[in-house]
Amino acid sequence: MELIINSPLDMHLHLRDADMLNKVAPLSSHSFAGAIIMPNLAPPITSLQALKEYKKRVQESIADDRFEPLMTLFFRNDYDFAFLQEAKRHISAIKLYPTGITTNSEGGVKSMDIEDLRQTFEAMSELGIPLLVHGETNGFVMDREKEFGSVYEQFAKNFPKLKIVMEHITTKHSVDLLDRYENLYATITLHHLHITLDDVAGGMLNPHLFCKPIAKRPQDKEALLRVALSANPKVMFGSDSAPHPRDKKESCGCAAGVFTAPIALQALAALFEKHGVLQNLQPFVSDNARAIYYFEPIKKEVILEKKPFFVPSSYRGVVPMFANSTLDWSIKNIT
Ligand code: NCD
Ligand code: ZN
């Protein structure tokens, strides 16, 4: 059995910089036609000069692969219209992190009060720049995303022209918000379609599945599966593939992030086939994103086939999800 995916897109990807960038970027550019590149470097990407230089380093790291890095700026509430008008030519979106909520987010936003954010939000609305949000409070870890729901509602109600993407949603509550606000969209990761908190901490602790937001309850996973497998047009695949060196994961003070880029398409094909909806993978990994971002990706055909694929124990020192196990689907060819 084979499945052709046209121009798969990863709408939430961490590529890092320097050595790590050179190690992981080719693993995405090989099989994806493009990706939203998250700006949480240290220091974060907040100027056009830093953005252009980073984009150049990304392009150098992927050599001749046909892959479009869709660049993002790290949100600041003092970006003004003139700056964003110039930025729009170089970016696909702006990513908002609450301060200190995840890897390299110390320079994030302190106040979610819409008056403090108005200047940038209004300019983004006018210019049609999507707002991508890491939606967690600093409350109890299992409630953080749900508590952030009221912030999403405030944003959506007060800025109806602003396209807001709830990044890497993990709860039924977030899924339900999609139906309530026309301007709310979401990315969903591979790992949150597979795991619950039990897989992270219910038995022996699995640091390679520890990420932000933490995986939640079975009913949350079911809600995510429902919208992803039905290719609801408001959801897109965003791997949130977040590589950390093995010693930063297998350590006291484990870094948050699951590394899925090189195995994502194979694992998604297996998941969609298991649920009898292989035809919905194309909209989930490409078409929905094109429609939401008004964007035509580079042409790239990925042929997947139902043939065992053994996932290695690491890719250049970074441990992937499903390491040392066999997936039912592999990549046959890419043209
Ligand atoms: C991400 C990272 O390591 O950059 N980590 C994660 O657990 N997902 C940041 C993020 O998206 O929260
Ligand atoms: Zn992320």
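## Ligand 1 and its contacts

In this predicted model, a polar side-chain atom of H244 sits 3.0 Å from an oxygen atom of ligand 1. Two backbone contacts join in: a polar backbone atom of A256 is 3.1 Å from a nitrogen atom of ligand 1, and a backbone N or O atom of G257 is 3.2 Å from an oxygen atom of ligand 1. The protein covers 100% of the 320 Å² of accessible area that ligand 1 has on its own (Shrake-Rupley, 1.4 Å probe).

Around ligand 1 there are 15 residues (a heavy atom within 4 Å), with R16, T102, T103, K212 and D240 coming nearest. That shell splits into nine polar, three nonpolar and three charged residues.

## The zinc site

D240 turns up again here: the zinc ion (ligand 2) is coordinated at 2.0 Å by H12 (NE2), H14 (NE2) and D240 (OD). Donors are N, O and S atoms within 2.8 Å of the metal (3.2 Å for Na, K and Ca), with water not among the atoms. In sequence, the donor residues run H-x1-H-x225-D.

Why is the arrangement around the zinc ion irregular? The four donor atoms subtend angles of 91 to 140 degrees, which makes it so.

## Ground rules

Residues count from 1 along each chain as its sequence is written, with chains lettered from A and ligands numbered from 1 in written order. Local features need pLDDT of at least 70, side-chain atom pairs count only at pLDDT 80 or more, and totals for chains, interfaces and linings use all residues, while side-chain values use heavy atoms, leaving out hydrogens and water.

Key: Polar contact = N/O pair within 3.5 Å; in protein donor to acceptor, adjacent residues only side chain to side chain. Nonpolar A, V, L, I, M, F, W, Y, C, P; charged D, E, K, R; others polar. Tetrahedral: all angles 85-135°; square planar, octahedral: opposite > 155°, others 65-115°.
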